[in-house]
Amino acid sequence: MIQEAGLDGFWIDRVLNKEDWIESHVVDAASIAVSREHRRAKTDRIDGEMLVRTLLAFKRGEARVCSMVRPPSREEEDRRRLGRERKVLVGERDELAQMSVNEHSPVAQLQGRKGIGAEFAAVLTQEGLFRHFNNRRQVAAYAGLAPSPRKSGSIDREQGVSKSGNPRLRTTMIQLAWLWLRYQPDTALARWFHEHIGARSNRSRKTAIVALARKLLVALWKYVTSGAVIDGAILAQR
């Protein structure tokens, strides 16, 4: 068995080597000799066939056919992960910062309101507000925050949200709804929430926060698309 070094190659090698009847090798893909005369086609099938030919040549003892890699242990990979994950996070942070350079962009507009940071603004823009919606029902439905009706005989009521829309947008909006209560307590939306729940149970609070998330998403959509300022919302301090 042969596989390329990378995110998958090492752990696969460790699993295979636990079996006495399997011989596993991890190859440095950059060391495999290929023709440089012209641009070659690249598909998974072609790459697989090349790996098989490389392994056969390696087993025959052919010189300079490739370089095999010593797979790191699980502990060694774990030590590397901190630095690699930090690099990814720093890259994402820099990307978000670049997105907010244009002061008239939706990201910059959202970040202008207290309680909405760069990450929330980017998610809202990329996952939902970049799309065209005809009305607020479409906005709520896309996020999976629209209430689902239940009609049967004499029963006609709502039974909670459908959860059939964009899960990342829905989760972000619920998190943002809690932050909105903290950073924008004097807005009409925050007052509606507190008046609605009163002294009700925690279960009612969870239901109300979903409703607040839906109202807040619609309000932010109107703000980004038509400039309708949310009642009572304050600007972020720079």
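**Entry 1: Trp221**

I began with Trp221, which lies in helix 9. The model is a predicted one, and I read every value below as computed from it. I asked whether Trp221 is buried or exposed. Its relative accessibility is 11%, so Trp221 counts as buried, the cut-off being under 20%. I then looked up its distance to Val139. The two residues are 82 positions apart along the chain, yet their C-alpha atoms are separated by 7.8 Å.

**Entry 2: Ala208**

I stayed in helix 9, where Ala208 also has its place. Ala208 has a relative accessible area of 1% and is therefore buried. For a distance I took His194, 14 residues away in sequence. From C-alpha to C-alpha, Ala208 and His194 are 9.2 Å apart.

**Entry 3: the positive patch**

Next I looked for charge on the surface. Which residues gather in a patch of positive charge? I noted Arg136, Arg137, Lys215 and Lys222. I traced the patch to its helices: helix 6, residues 136-142, and helix 9, residues 202-226, each supply at least two of its residues. I checked one member by itself. Arg137 sits in helix 6, and its relative accessible area of 65% makes it exposed.

**Entry 4: helix 8**

I listed the buried residues of helix 8, which spans residues 188-197. They are Leu189, Ala190, Phe193 and Ile197. Why do they lie on the same side of helix 8? They cover an arc of only 100° around the axis, and this places them on one and the same side. The general rule I had in mind is that an α-helix has 3.6 residues a turn, so residues three or four places apart point the same way. I also looked at what comes after the helix: Gly198 follows helix 8, and its phi is positive, near 55°.

**Entry 5: salt bridges**

I searched the whole structure for salt bridges and noted a total of four. As a reminder to myself, side chains of opposite charge can pair when their charged atoms come close. I wrote up three entries from the search.

I took Glu49 and Arg45 to start. They form a salt bridge in which the closest N and O atoms are 3.4 Å apart. Both are in helix 2, residues 44-59; because they are four residues apart there, about one helical turn separates them. Glu49 is partly exposed at 37% relative accessibility, while Arg45 is exposed with a relative accessible area of 66%.

I then went to Glu62 and Arg60, whose side chains meet in a salt bridge at 2.8 Å, N to O. I looked up the accessibility of each partner. Glu62 counts as partly exposed at 40%, and Arg60 counts as exposed at 57%.

I also looked at Arg168, which forms a salt bridge with Glu127, with 3.2 Å between the closest N and O atoms. Which parts of the chain does this pair link? I found Arg168 in helix 7, residues 167-183, and Glu127 in helix 5, residues 118-129. The two residues are 41 apart, and the pair links distant parts of the chain. Arg168 is partly exposed, with a relative accessible area of 44%.

**Entry 6: Ser24**

I looked up where Ser24 lies and found it in the loop between helix 1, residues 9-16, and strand 2, residues 25-27. Is Ser24 buried or exposed? With a relative accessible area of 11%, Ser24 is buried. I took its distance to Arg14 as well: the C-alpha atoms are 8.7 Å apart in space, for a separation of ten residues in sequence.

**Entry 7: the whole protein**

I left the totals for the end. The protein has nine helices and four strands. I read their order along the sequence as β-α-β-α-α-α-α-α-β-β-α-α-α. Of the 238 residues in the protein, buried residues make up 34%. Among those I had already met are Trp221, Ala208 and Ser24.

Terms used: Residues numbered from 1 in each chain as written. Predicted model: local features only at pLDDT ≥ 70, side-chain atom pairs only at ≥ 80, totals over all residues. Heavy atoms only, no water. Patch = residues over 30% accessible without salt bridge, like charges linked within 9 Å, V, L, I, M, F, W, Y side chains within 5 Å. Areas by Shrake-Rupley, 256 points an atom, 1.4 Å probe, with all protein chains shown as cover. Lys, Arg positive; Asp, Glu negative; His and termini not counted. Charge placed at Lys NZ, Arg CZ, Asp CG, Glu CD. Buried < 20%, exposed > 50% of the residue type's maximum accessible area, 1.4 Å probe, protein only. Arc of directions from axis to C-beta.
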